[in-house]
Number of protein chains: 2
Amino acid sequence: MTNTIRAEVVTIGDEILFGQITDTNTQWIGTELTNIGIRIVRKSSVGDQAKAILEVLHEAHQRADVILITGGLGPTKDDITKKTLCDYFGVNLVRNPEALALVTGFFEKRGREMTDLNRGQADLPANAVYLQNDWGTAPGMWFEHEGRVYVSLPGVPFEMKHLMTNRVLPRLLSHFQTPIIRHKMILTAGIGESFLAERIASWEDSLPPHIRLAYLPSFGGVRLRLTATGVDNDTLGRELDEQVALVLPQIQQHVYGYDDETLESVVGRILTERQLTLATAESCTGGYVASRITSVPGSSAYFLGSIVSYSNEVKINQLGVKPETLQQVGAVSEETIRQMAEGVRQALQANVGIATSGIAGPDGGTPDKPVGTVWIAVATGQRITTRLLKLGQYRDQNIQLTTTYLLNLLREELLNQ
Amino acid sequence: MTNTIRAEVVTIGDEILFGQITDTNTQWIGTELTNIGIRIVRKSSVGDQAKAILEVLHEAHQRADVILITGGLGPTKDDITKKTLCDYFGVNLVRNPEALALVTGFFEKRGREMTDLNRGQADLPANAVYLQNDWGTAPGMWFEHEGRVYVSLPGVPFEMKHLMTNRVLPRLLSHFQTPIIRHKMILTAGIGESFLAERIASWEDSLPPHIRLAYLPSFGGVRLRLTATGVDNDTLGRELDEQVALVLPQIQQHVYGYDDETLESVVGRILTERQLTLATAESCTGGYVASRITSVPGSSAYFLGSIVSYSNEVKINQLGVKPETLQQVGAVSEETIRQMAEGVRQALQANVGIATSGIAGPDGGTPDKPVGTVWIAVATGQRITTRLLKLGQYRDQNIQLTTTYLLNLLREELLNQ
């Protein structure tokens with residue numbers, strides 16, 4: 001068996017430490033490295049100070065075979081990554097002709113003037129292998145130093161992803177012989193982590209030592225991740241499938257999918273298979289349900305549209321909710337949600353209509369209907385199914401949870417038809 | 001002047017290393033600690049292994065005065081944080097009566113049965129100060145050890161936030177004397193990082209040494225962060241205001257707000273001030289524009305609703321787009337976007353209508369209209385303003401960029417009225 005290749009991901013930037021940007025890069029990098037069998041042993045973020053960068057590089061050198069660095073390569077003056085890499089490797093900055101040609105071409109193509117700051121982006125540490133960035137002016141760089149590989153990439157997500165996919169991952173695969181690690185993810189909804197754990201305890205205890213289980217709770221669901229390590233890809237795949245088959249009877253009703261699937265992609269697949277169309281009527285979720293549904297490429301095949309009814313007039317005029325219903329029981333009520341789901345189904349001439357109405361917060365609650373009170377409904381033409389949710393105080397969380405519960409109710413209703 | 005208090009944030013969990021969950025906690029923690037003048041010097045993530053956890057705790061001890069640990073406290077078997085903390089501090093696990101009462105009460109209140117796994121959540125390292133979690137069964141813990149403060153919190157975001165806000169931040173403030181750090185954020189849209197940097201270079205060079213500038217680019221905009229360090233809060237505030245006043249004339253047209261504002265909150269403020277209502281018609285953004293607008297608490301005061309028209313029929317029936325327009329120039333065209341923006345304005349009886357129509361990708365592009373071709377429009381009753389965007393290949397990014405450009409166009413049109 002080959003040795004495990006260990007990686008450390010280092011992000012550079014005060015803005016990450018201070019919480020001023022959302023770091024989505026390291027999650028993506030984690031998935032990609034895991035997929036090619038490289039084990040991530042540490043993720044670190046440091047600020048834009050030479051001392052802190054040098055310190056983390058020296059530490060990472062002790063722990064990892066690959067050190068993947070993102071950030072700190074933009075054109076502005078607060079970027080010191082390249083200079084610090086020069087200090088670390090004991091080399092000078094050298095203007096790279098390939099990199100310069102790319103920067104020059106980038107600006108010519110767009111008819112924009114090039115600044116000295118832009119030109120400086122073509123200066124690389126002398127030991128760098130230049131990795132061409134097709135999407136921006138910051139370079140990718142590959143270094144080999146004292147038996148380790150160092151990679152430096154810009155922090156802009158789509159430039160980083162392009163460089164990883166097209167330049168770095170192929171190089172890593174050819175540089176290292178990686179062991180085989182396979183994952184299988186079982187996606188559940190509608191059952192809490194501890195109840196799930198009790199239910200599958202004896203199966204979990206009987207797992208062989210080379211297969212590990214982890215519970216990953218998130219809004220409205222728990223994902224079960226099985227990780228198998230070995231030497232043969234097909235064997236591991238078969239072993240994982242066998243374990244899934246063993247546990248499935250105990251949790252079948254809660255499993256909505258596997259691996260990279262999402263509730264919205266699973267719902268989309270069922271709708272496509274059955275040649276059904278969908279429309280949504282949203283009050284408290286404000287467009288988020290439609291946004292989740294349309295995040296799936298190709299969703300226009302089954303999704304017709306949404307009416308976001310943030311005012312009573314829109315509920316009445318666009319969805320056909322009866323004014324007397326709104327007057328008598330209010331917008332957050334079972335009768336209103338029934339009319340919304342059926343109303344949008346008819347207005348948009350869809351097979352299925354789904355709807356949300358509730359009090360997302362932070363204001364608008366009453367003793368009868370506190371913040372977090374939400375109705376959801378699915379109308380299929382045959383019947384209308386409703387649920388009352390009692391959620392929490394946080395607006396964002398209420399919007400996300402409502403959406404997850406509604407998509408899961410839609411899934412159940414489609415499968416029960 | 002007091003010494004700088006240095007903090008390290010440690011997250012525990014294989015799922016973070018492997019990229020299987022999005023870590024939003026450390027960004028939030030970064031903001032909160034920065035706001036009370038604690039300087040974050042490192043963020044680290046390690047897996048669920050005792051050795052890795054011990055290693056990072058020993059390292060953090062060298063670097064930081066406060067070590068803030070999140071994750072690894074759930075009820076399932078893959079959690080080893082508490083045991084490892086016991087090893088690190090040289091103490092045993094002890095059942096905490098307060099914590100047990102809380103766990104018991106939590107389950108009684110919900111009428112659910114308690115499992116042994118749940119009961120085990122009340123076992124804490126003997127040297128822990130128990131921090132009561134009002135939102136879940138995992139405890140918060142505060143330790144003082146060899147001149148450092150250690151805090152351990154659950155990884156579930158709303159439980160962590162509750163514990164930080166109500167238990168940890170007040171304790172940190174009373175435990176340490178922190179220096180004063182103030183930030184001022186200038187938010188810009190519609191100008192690239194390097195052009196912005198050239199324009200304000202002489203101002204940047206003349207900044208006093210205790211005020212630092214950073215460029216934070218994100219989708220469709222660049223944020224300028226000024227950070228001032230000193231001893232007097234009012235003096236720093238005044239100095240930051242003076243610097244903003246100095247730079248503003250050079251970038252005025254691109255500045256949409258300051259600090260925690262967002263394009264959607266700024267647009268909401270302008271609409272509220274002018275007592276105008278807004279409606280949106282969305283094709284390629286699929287509800288995301290409405291979702292951004294309604295993420296602002298209180299947006300129901302000016303936002304009436306949205307019609308997400310993912311099919312031509314919805315464009316015709318709900319928005320009044322002419323069938324012959326769709327037939328002659330297609331859905332992604334200037335004429336269609338004009339009719340969508342004006343159509344939703346009239347259909348929902350709003351003062352202002354905004355619209356998007358484009359090819360988000362990955363499929364649906366043609367040689368004439370490649371993926372990334374997007375039209376946006378703002379209709380105010382007086383006039384309709386349109387823009388053609390030429391974006392990239394990535395669906396998510398196209399949806400986000402379109403939304404940002406549309407909200408900025410709306411802001412400009414409102415200010416130009």
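A strand, such as the one called β2(A) later in this tour, is a DSSP run of E with at least two residues, and strands are numbered from the N terminus. With that in hand, open the model, which is a predicted one, and follow the stops below.

**The second largest cavity**

Select A:T34, A:I38, A:R39, A:I40, A:I181, A:H183 and B:F18, and you will have the lining of the second largest cavity on screen. The space inside this second largest cavity comes to about 40 Å³. Two elements of chain A, β2 and β9 (180-189), give two or more residues to the lining, and the largest share, three residues, comes from β2(A). Sorted by class, the lining of this cavity has four nonpolar, two polar and one charged residues.

**The largest cavity**

How many cavities of 30 Å³ or more does the structure hold? There are two of them, and the largest has a volume of about 200 Å³. To find the largest cavity, select A:D23, A:T26, B:D23, B:T26 and B:K43, which lie nearest its centre among the 20 residues that line it. If you then colour by element, look for α2 (25-35) and β2 (38-46) of chain A and for β1 (5-12), α2 (25-35) and β2 (38-46) of chain B, since each supplies at least two residues of the lining. The lining of the largest cavity divides into six nonpolar, ten polar and four charged residues.

**The contact between the chains**

Now show chain A and chain B in separate colours and turn to the contact, which takes 87 residues from chain A and 89 residues from chain B. The two chains bury about 7500 Å² between them, with 52% of that area on carbon and sulfur atoms. On the chain A side, select A:F18, A:Q20 and A:Y310, which lose the most area to chain B and together make up 9% of what that side buries.

**The second largest pocket**

The next stop is the second largest pocket, where about 470 Å³ of space lies. Select A:S283, A:V332, A:G358, A:I359 and B:S300, which are the closest to its centre of the 25 residues that line it. In chain A, α13 (312-317) and β15 (352-358) are the elements that give two or more residues to this lining. By class, the lining of the second largest pocket has nine nonpolar, twelve polar and four charged residues.

**Helix α15 in each chain**

Select residues 334-347 of chain A, which form helix α15, and place a distance marker between its end C-alpha atoms; the 14 residues should span 20 Å at 1.5 Å a residue, and the ends are 20 Å apart, which agrees. Among the buried residues of α15(A) are A:I337, A:M340, A:V344 and A:R345. After α15(A) comes A:Q349, whose phi is positive, near 55 degrees.

Move to chain B and select B:E334, which is found in helix α15 (residues 334-347) of that chain. B:E334 counts as partly exposed because its relative accessibility is 34%, which falls between the 20% and 50% cut-offs. Leaving aside neighbours within four places in sequence, B:E334 is in contact with B:W375 and B:T386. The C-alpha atoms of B:E334 and B:A377 are 8.6 Å apart in space, although the two residues are 43 residues apart in sequence.

**A loop residue in chain B**

Finally, select B:H254, in the loop between α10 (233-251) and β12 (255-258) of chain B. Is B:H254 buried or exposed? B:H254 is buried, because its relative accessible area is 11%, and buried means under 20%. Beyond its neighbours within four places in sequence, B:H254 is in contact with several residues, including B:L187, B:T188, B:I191 and B:R199.

Definitions and conventions: Residues are numbered from 1 along each chain as its sequence is written. Chains are lettered from A and ligands numbered from 1 in the order in which they are written. This is a predicted model: local features need pLDDT of at least 70, side-chain atom pairs count only at pLDDT 80 or more; totals for chains, interfaces and linings use all residues. Side-chain values use heavy atoms; hydrogens and water are left out. Helices (H or I, at least four residues) and strands (E, at least two) are DSSP runs, numbered from the N terminus. The expected span of a helix is 1.5 Å times one less than its number of residues. Buried means under 20% relative accessible area, exposed over 50%, partly exposed in between (1.4 Å probe, protein chains only). On a 1 Å grid over the protein atoms alone, a cavity is a set of points where a 1.4 Å probe fits but cannot get out, and a pocket is an open set with protein on both sides within 12 Å along at least five of seven lines; lining residues have an atom within 4 Å of a point. Grid points are joined across faces, edges and corners, and a volume is the space filled by probe spheres set on the points. Ala, Val, Leu, Ile, Met, Phe, Trp, Tyr, Cys and Pro count as nonpolar, Asp, Glu, Lys and Arg as charged, and the others, Gly among them, as polar. Contact means heavy atoms within 4.5 Å. Buried area is the accessible area (1.4 Å probe) that two parts lose on being put together, summed over both.
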